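Please keep the sequence and the model open beside this note while reading. The points below go through a few places worth looking at in turn.

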Amino acid sequence: MQNKKPHLDYKINNVVHKVIYSKNTIDNLKKDIIKIKNQPKILFIYDKNINPKITKKFNKIFKPLKNKCYFMPVLGGKHNKDLDLLLKIINILSKQKFTKNSIIISLGGGVVGDVSSFAAALYMR
(Lines give C-alpha, C1' and ligand atoms only; values in the text may rest on other atoms or scores of the structure.)
Protein backbone atom coordinates (compact mmCIF):
# COMPACT_ATOMS: atom_id res chain seq x y z
CA MET A 1 0.00 0.00 0.00
CA GLN A 2 1.41 3.36 -1.07
CA ASN A 3 1.78 6.10 1.56
CA LYS A 4 -0.04 9.13 0.10
CA LYS A 5 0.17 12.69 1.37
CA PRO A 6 -3.14 14.11 2.60
CA HIS A 7 -4.40 16.60 0.05
CA LEU A 8 -7.35 18.38 -1.47
CA ASP A 9 -7.95 18.29 -5.21
CA TYR A 10 -9.63 21.12 -7.07
CA LYS A 11 -10.28 21.45 -10.75
CA ILE A 12 -9.91 24.60 -12.87
CA ASN A 13 -10.42 24.43 -16.64
CA ASN A 14 -10.16 20.63 -16.59
CA VAL A 15 -6.77 20.76 -14.80
CA VAL A 16 -6.61 19.12 -11.37
CA HIS A 17 -4.53 20.98 -8.77
CA LYS A 18 -3.46 19.53 -5.42
CA VAL A 19 -3.24 21.35 -2.11
CA ILE A 20 -1.08 19.20 0.18
CA TYR A 21 -1.25 19.52 3.94
CA SER A 22 0.62 17.70 6.69
CA LYS A 23 2.41 18.11 9.99
CA ASN A 24 5.77 18.11 8.16
CA THR A 25 4.85 20.63 5.49
CA ILE A 26 8.24 22.37 5.39
CA ASP A 27 10.20 19.11 5.07
CA ASN A 28 7.78 17.74 2.46
CA LEU A 29 7.98 20.99 0.51
CA LYS A 30 11.77 20.81 0.44
CA LYS A 31 11.67 17.19 -0.79
CA ASP A 32 9.20 18.13 -3.54
CA ILE A 33 11.32 21.10 -4.65
CA ILE A 34 14.47 18.94 -4.81
CA LYS A 35 12.64 16.57 -7.19
CA ILE A 36 12.08 19.38 -9.72
CA LYS A 37 14.78 19.01 -12.36
CA ASN A 38 15.16 22.57 -13.65
CA GLN A 39 15.81 24.10 -10.19
CA PRO A 40 13.26 26.92 -10.41
CA LYS A 41 13.76 30.19 -8.57
CA ILE A 42 11.84 30.54 -5.31
CA LEU A 43 10.32 33.69 -3.84
CA PHE A 44 9.42 33.26 -0.18
CA ILE A 45 6.97 36.01 0.88
CA TYR A 46 6.19 36.10 4.58
CA ASP A 47 4.41 38.26 7.11
CA LYS A 48 6.86 40.10 9.41
CA ASN A 49 4.46 39.41 12.29
CA ILE A 50 4.80 35.63 12.27
CA ASN A 51 7.00 33.88 14.77
CA PRO A 52 10.67 34.42 13.78
CA LYS A 53 11.41 30.76 14.59
CA ILE A 54 9.24 29.75 11.65
CA THR A 55 10.95 32.07 9.15
CA LYS A 56 14.37 30.99 10.42
CA LYS A 57 13.39 27.36 9.81
CA PHE A 58 12.32 28.17 6.24
CA ASN A 59 15.52 30.13 5.71
CA LYS A 60 17.65 27.27 7.06
CA ILE A 61 15.91 24.73 4.83
CA PHE A 62 15.79 26.71 1.58
CA LYS A 63 19.15 28.54 1.58
CA PRO A 64 21.24 25.36 0.97
CA LEU A 65 19.14 24.33 -2.05
CA LYS A 66 20.64 24.79 -5.49
CA ASN A 67 17.61 26.93 -6.32
CA LYS A 68 18.00 30.70 -6.22
CA CYS A 69 15.94 31.75 -3.19
CA TYR A 70 14.67 35.23 -2.49
CA PHE A 71 13.06 36.27 0.79
CA MET A 72 10.50 39.08 0.98
CA PRO A 73 9.21 40.13 4.40
CA VAL A 74 5.97 42.16 4.24
CA LEU A 75 3.59 43.65 6.74
CA GLY A 76 0.28 41.84 6.92
CA GLY A 77 -2.95 43.53 7.84
CA LYS A 78 -5.84 44.71 5.69
CA HIS A 79 -4.32 48.17 5.29
CA ASN A 80 -1.43 46.57 3.35
CA LYS A 81 -3.67 44.69 0.95
CA ASP A 82 -3.07 47.17 -1.83
CA LEU A 83 -1.63 47.83 -5.25
CA ASP A 84 1.76 48.84 -3.77
CA LEU A 85 2.36 45.38 -2.30
CA LEU A 86 1.19 43.69 -5.48
CA LEU A 87 3.55 45.79 -7.59
CA LYS A 88 6.49 45.17 -5.22
CA ILE A 89 6.02 41.42 -5.65
CA ILE A 90 5.68 41.64 -9.42
CA ASN A 91 8.72 43.94 -9.56
CA ILE A 92 10.89 41.38 -7.73
CA LEU A 93 9.64 38.61 -10.02
CA SER A 94 10.47 40.71 -13.07
CA LYS A 95 13.87 42.01 -11.88
CA GLN A 96 15.02 38.52 -10.89
CA LYS A 97 13.72 37.03 -14.16
CA PHE A 98 11.28 34.56 -12.64
CA THR A 99 9.53 32.30 -15.15
CA LYS A 100 6.22 30.45 -15.24
CA ASN A 101 8.10 27.51 -13.71
CA SER A 102 9.31 29.51 -10.71
CA ILE A 103 7.84 29.02 -7.25
CA ILE A 104 6.18 31.51 -4.92
CA ILE A 105 5.69 30.46 -1.31
CA SER A 106 3.66 32.68 0.98
CA LEU A 107 3.47 32.40 4.73
CA GLY A 108 1.23 34.47 6.93
CA GLY A 109 -2.33 35.59 7.12
CA GLY A 110 -4.91 36.25 4.45
CA VAL A 111 -3.38 39.47 3.13
CA VAL A 112 0.01 37.87 2.40
CA GLY A 113 -1.59 34.82 0.81
CA ASP A 114 -4.16 36.83 -1.16
CA VAL A 115 -1.70 39.32 -2.64
CA SER A 116 0.97 36.67 -3.30
CA SER A 117 -1.58 34.48 -5.08
CA PHE A 118 -2.86 37.41 -7.10
CA ALA A 119 0.70 38.34 -8.15
CA ALA A 120 1.35 34.72 -9.18
CA ALA A 121 -1.87 34.69 -11.22
CA LEU A 122 -0.96 37.93 -13.00
CA TYR A 123 2.75 37.46 -13.61
CA MET A 124 3.66 36.14 -17.09
CA ARG A 125 0.03 35.47 -18.01
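1. In this predicted model, Asn67 has a relative accessible area of 8%, and because buried means under 20%, Asn67 counts as buried. Asn67 belongs to the loop that runs between helix H2 (52-62) and strand E4 (69-74).

2. What surrounds Asn67, once its neighbours within four places in sequence are left aside? Asn67 is in contact with Ile33, Gln39, Pro40 and Ile42, and the side chain of Asn67 reaches the backbone oxygen of Pro40 at 2.7 Å.

3. One of those contacts, Ile33, leads to helix H1 (residues 25-35), whose buried residues are Ile26, Asn28 and Ile33. These residues lie on the same side of H1, because they cover an arc of only 160° around the axis. On the other side of H1, by contrast, Lys31, Ile34 and Lys35 are exposed. The cover over the buried residues of H1 includes strand E3 (42-47), H2 and strand E5 (103-107).

4. The largest nonpolar core has 15 residues, of which Leu43, Ile45, Met72 and Ile89 touch the most other members. Two or more residues of this core come from each of E3, E4, helix H3 (83-95) and helix H4 (110-122).

5. For Ile45, not counting residues up to four places away in sequence, the residues touched are Met72, Val74, Ile89, Ile104, Ile105, Ser106, Leu107, Val112 and Ser116. Apart from the largest core lies another core of 12 residues, and among them are Ile26, Ile61, Leu65 and Ile103. In soluble globular proteins, nonpolar side chains tend to be buried together.

Definitions and conventions. Residues numbered from 1 in each chain as written. Predicted model: local features only at pLDDT ≥ 70, side-chain atom pairs only at ≥ 80, totals over all residues. Heavy atoms only, no water. Helix = DSSP H or I, 4+ residues; strand = E, 2+ residues; numbered from the N terminus. Buried < 20%, exposed > 50% of the residue type's maximum accessible area, 1.4 Å probe, protein only. Polar contact = N/O pair within 3.5 Å; in protein donor to acceptor, adjacent residues only side chain to side chain. Contact = heavy atoms within 4.5 Å. Arc of directions from axis to C-beta. Core = buried A, V, L, I, M, F, W, Y, C linked by side-chain atoms within 4.5 Å.
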